[in-house]
Amino acid sequence: MFSGGPKKQRHLQQLPVKSFKVAAGDVVGGLIYVMDKPLGIEEGMIGISIDSPGYRQFVAELLSDLDEHRMRGSLHSHEHNALFNKYRSLLKDPNFIFNSLLEGDKNKLIDLFLHHPNIQAFLDALPANEKSAMEAFAKQHLNYEPPEPAHKEIPVPFLKNVARFFTRRMHEIATTEYVNEGMGGLLFKAYKSECRIIENDSFAKNINKIIHAGFGKEPKVEVYMVKQDGKLGLFGGTGPGLSKIAKTSTGKGLQNNFTVPRVLTVVLPLYSAIQFGARRLGYLISNSPTKVNTDVLSENIGTKLAQIRGCETQHIETLEGTYENSAPKMTSLVSWTPGCQDLTGKIMGGGYKNLEGLIVAQTPDGQTLRKAKNGDLIYRKDIKDKDGKIIDFEYYINDNKEPITRDNKAYRQTAENYDAGFAVAENRIDGLGEALIPFIALGDRDALGKKGQNKAIIPGENGRFTFYGIDFGKTYNGNNPLLASLKDDFSFQSPKARLGDVFFSNYSALYDTPLREKMKGIYILAVLRGVLKDPEKAAIIQEYETADPHFAKKLRETKPDADKELIASEIEKLRQKISENLENEGEYQSYIQRLEKIQEIANQSDAKILKVFEKRTKVPPSYIDAIETLEKLSAKKLHSLSPDGKVVRNHLYVKSKNRIAWQVENGQLVSANLTKSELVAVKARFTEMISSLEPKDALKTKQLVTLLNKIEYTESGIKLPPLTKSELALFNQYITEDKVAKVRKVPHYMDSEAKAAFDKKRDEIHRLQRPEQKTLPSKPEPTLSDEALFEVQTSKPAPERRPPTVTLGAARAATKKPPDLPPVVEMATQPMDSFKELDDYLAKEDNIKRHHIKRPLKPPLKTGNFSEHDTRVIEFQDPEKSELTTTVYAQKKLQNVTYSVKKDASPEQFKLAALETCRLVVFSKPNTPISFPSSLDEGQKAELKEAFKIAVKEAIKAGIYTDENKPSLSQSLSG
């Protein structure tokens with residue numbers, strides 16, 4: 001029985017016949033049309049899901065608003081007069097009130113309005129029982145006959161085209177455009193107005209506002225892109241229509257080519273078509289509908305296989321429709337992720353010939369940051385004339401708001417420092433290394449693309465990004481040419497085309513990551529192929545659990561043959577299609593053959609990859625860390641810069657030809673097959689490393705030095721003594737990449753301290769360039785009181801060596817408490833400048849692991865009336881129960897910092913927050929006493945007392961305190 005509520009995933013309906021005559025607000029295949037999004041030689045349509053809760057809520061609220069004004073007869077008081085008039089004309093009952101309807105009937109009305117003026121077409125597409133229910137509802141409430149024209153074709157103002165011409169947007173020049181003046185179009189126009197979208201908004205800003213609707217950071221609507229191949233073209237092939245060719249990469253490139261006479265750009269579509277046809281004639285001839293459909297199917301499977309293998313990817317589905325001549329047509333539908341941005345312009349350092357670039361750190365506006373020799377961060381902005389030609393530059397140093405222009409005495413020196421400086425590889429992108437094996441396994445020829453346009457990043461927490469797989473259109477396209485040269489350091493020899501073009505471009509960006517990150521793809525592949533058994537899998541998961549719980553969960557949930565089951569399922573769907581469409585059996589059989597070929601190639605690729613990594617597949621990440629350090633210590637040559645010497649890497653890099661391999665054999669770290677000169681060189685480096693360890697931290701390093709002095713150097717190679725778990729941890733703690741770079745005197749390498757300084761300056765620049773976006777709420781949001789939520793005793797800083805004490809302070813609840821952030825635990829810990837100390841302390845990887853922090857500090861948070869600069873958010877995760885997490889808020893108040901958790905935290909979450917916060921405070925050596933509020937119940941006080949004892953015991957064991965100089969509980973809490 002039809003419920004009247006929105007159907008699930010109506011955007012996965014079959015597409016209707018393709019038409020270029022669409023307007024904003026049209027409902028096409030379950031998507032509300034937003035705009036075109038050209039992609040190379042393809043065409044795309046951006047749309048909002050018709051079932052998107054945020055958009056439907058907006059429509060419902062607007063209808064209620066229209067009702068209110070209609071009942072008052074206040075036509076001219078409403079801002080959307082055209083919508084108001086249309087609404088009045090469609091209603092049969094003058095006393096109709098939208099809010100009086102049942103929820104299901106409200107949804108029926110919204111559906112009808114979104115499809116107006118194609119209500120009849122919408123009804124005809126419904127199952128009989130639903131159509132009957134909807135027709136009865138429409139007949140009772142709406143005047144929808146006779147149907148009005150779907151669009152109004154209007155001329156484009158001459159001056160609008162002139163502006164497009166002179167701003168090199170000739171691809172947008174048109175004589176007419178379509179407007180949807182039905183309810184659907186008017187509702188969408190009202191929605192864009194609510195989103196504060198203006199005509200000159202960039203595409204990214206436009207989409208971002210539509211997704212978020214101006215109400216905050218969380219997405220409010222679901223946006224999708226349909227990737228379509230265009231019209232039937234030459235000789236039965238497919239390609240973009242003439243009017244669309246100017247929007248392709250070729251067409252847009254011609255618009256920015258100053259050698260193209262302006263007189264030709266007036267007829268740009270024709271000119272672009274000639275250029276396009278000359279370059280891609282073979283493509284257009286061979287690109288049959290069946291081939292295009294097969295490619296769509298391949299991209300769908302390739303994207304899903306990449307995700308199963310560990311790469312974060314966009315969600316993708318395949319839709320079916322028809323060409324204008326009713327020939328079968330397949331298209332891809334992908335989810336549009338908020339904030340998604342491709343890597344165009346972000347890759348540098350490889351040179352066009354080799355395409356071995358790195359992703360570099362930039363400002364939010366896309367200016368590359370350069371590190372000068374004196375440590376300054378400098379970025380440059382273009383100054384353009386009225387024709388858009390660059391005539392000069394202005395420079396910004398560190399977080400200075402004022403630009404340095406040519407009239408400034410410092411201009412010349414700043415320009416020289418900028419030119420002589422280094423770009424720095426971006427270190428805030430998660431998932432780069434993990435994506436490497438999925439890319440290699442799929443044989444993704446496009447890789448990141450020559451300019452970075454084929455893959456993307458999406459924003460996450462704490463200013464970080466996640467590497468994001470898009471456009472897997474060329475995966476499993478024949479036998480994988482990478483595997484013949486693949487080695488277990490992930491290196492391979494990239495094949496070249498006949499004209500010298502490099503395939504598999506800019507894979508290098510995925511290599512600038514720790515070896516344990518790259519091994520994630522191997523671990524997942526080993527599970528898929530049944531090579532990694534449950535006990536081995538569990539041991540690897542346990543080691544990742546604290547440092548990377550996200551991957552630990554992903555590996556835990558990976559099931560053997562999940563990828564094979566996906567392909568088998570898709571083949572079964574196609575066989576079902578044959579039984580339903582016997583006239584198209586040949587076409588569906590070609591799709592099945594393509595999927596079977598993908599499975600065959602995948603089987604061969606996976607087997608070869610696992611054979612290459614046979615010695616490392618079951619090695620846990622702690623040993624992988626040691627292997628990586630040993631190979632960098634032993635390598636004949638190390639690199640800290642990109643191939644062109646202009647970008648500083650995040651990590652030391654060893655070219656395959658300079659590598660001396662290490663493996664784990666019978667629990668020992670071993671390097672074999674060294675020449676005599678290599679053996680001598682490596683021994684000398686170990687000797688220097690041992691010397692550098694003495695006499696620091698004698699208690700621990702003495703044990704390590706003793707261990708390293710037992711290394712065996714023989715003609716057969718080098719062998720470390722067997723290591724216990726604690727000895728391996730000691731090795732990884734002291735034999736680090738920083739230490740290797742120092743021992744080997746690698747120039748330009750940025751150690752942890754230099755990286756932290758760079759990150760701090762970069763983050764300041766980002767805060768200047770991208771202040772917290774102001775939200776546009778429809779209703780006032782609750783805010784915190786400026787007064788402390790608990791009154792905590794203010795303490796003067798204690799002597800530096802004095803351990804912290806814990807006392808109970810008087811407490812009172814604030815007069816206003818927001819529902820989302822009422823603390824129950826507060827600890828005043830440090831003076832006002834303590835956030836710097838806290839930030840620095842938690843910037844270190846060891847401290848993040850020690851305190852079981854799920855991810856680094858989140859970015860400054862605006863919490864009520866507290867400034868975003870006075871707030872930090874820390875998320876802890878139980879080391880034994882990965883699903884148990886709790887969030888602790890640190891805020892500056894007067895002369896103190898308070899740590900708090902939500903009042904509705906469960907007992908388990910409270911216990912975790914108490915333990916981890918006490919550990920954090922004790923280990924970071926606060927200089928002022930800690931106060932707990934007396935409003936806690938007895939159970940909570942007991943939890944805090946026990947948590948403090950555990951923290952102190954651990955701190956003594958770590959050598960931070962002694963039994964004689966340890967923190968102690970005050971009488972009030974201990975008693």
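**An antiparallel open sheet and its surroundings**

In this predicted model, strands E23, E24, E26 and E25 line up in that order to form an open sheet of four strands, with antiparallel pairing. Strand E23 (663–665) and strand E25 (712–714) each have a single partner strand and stand at the edges, so one side of each is left without a neighbour in the sheet. From one strand to the next, the twist averages 25 degrees.

A look at the E23 edge shows how the pairing is laid out. E23 runs antiparallel to strand E24 (residues 668–672), and three bridges join the two. Within this pair, Gln663 stands opposite Val670 in E24. Helix H22 (residues 621–634) lies across both E23 and E24, and runs at about 35 degrees to E24.

Elsewhere in the chain, strands E14, E15 and E16 offer another set of antiparallel pairings. Strand E14 (residues 370–371) is joined to strand E15 (residues 377–384) by two bridges, and Arg370 stands opposite Ile378 in E15. The hairpin of E14 and E15 has five residues between the strands, and there Gly375 takes a positive phi near 95 degrees. E15 also pairs with strand E16 (residues 390–397), in the antiparallel sense and over seven bridges. Ile378 is a handy residue to follow through this region: Arg370 of E14 stands opposite Ile378, and Ile378 in turn stands opposite Ile397 in E16.

It is also worth pausing at a loop residue. Gln314 lies in the loop between helix H13 (289–308) and strand E9 (316–322). Its relative accessibility is 9%, and because residues under 20% are classed as buried, Gln314 counts as buried. Which residues are in contact with Gln314, leaving aside its neighbours within four places in sequence? They are Thr303, Val334, Ser335, Tyr468, Gly469, Ile470 and Asp471.

These local views can be set within the whole chain. The protein chain has 32 helices and 33 strands. It comprises 975 residues, of which 51% count as buried. Among contacts between residues at least 6 apart in sequence, 68% join residues at least 24 apart. The chain exposes about 46,800 Å², with carbon and sulfur atoms supplying 52% of that area.

How values were computed. Residues numbered from 1 in each chain as written. Predicted model: local features only at pLDDT ≥ 70, side-chain atom pairs only at ≥ 80, totals over all residues. Heavy atoms only, no water. Buried < 20%, exposed > 50% of the residue type's maximum accessible area, 1.4 Å probe, protein only. Contact = heavy atoms within 4.5 Å. Areas by Shrake-Rupley, 256 points an atom, 1.4 Å probe, with all protein chains shown as cover. Pairing = 2+ DSSP bridges. Axes fitted to C-alpha atoms, helices over the stretch in contact; angles between N-to-C directions.
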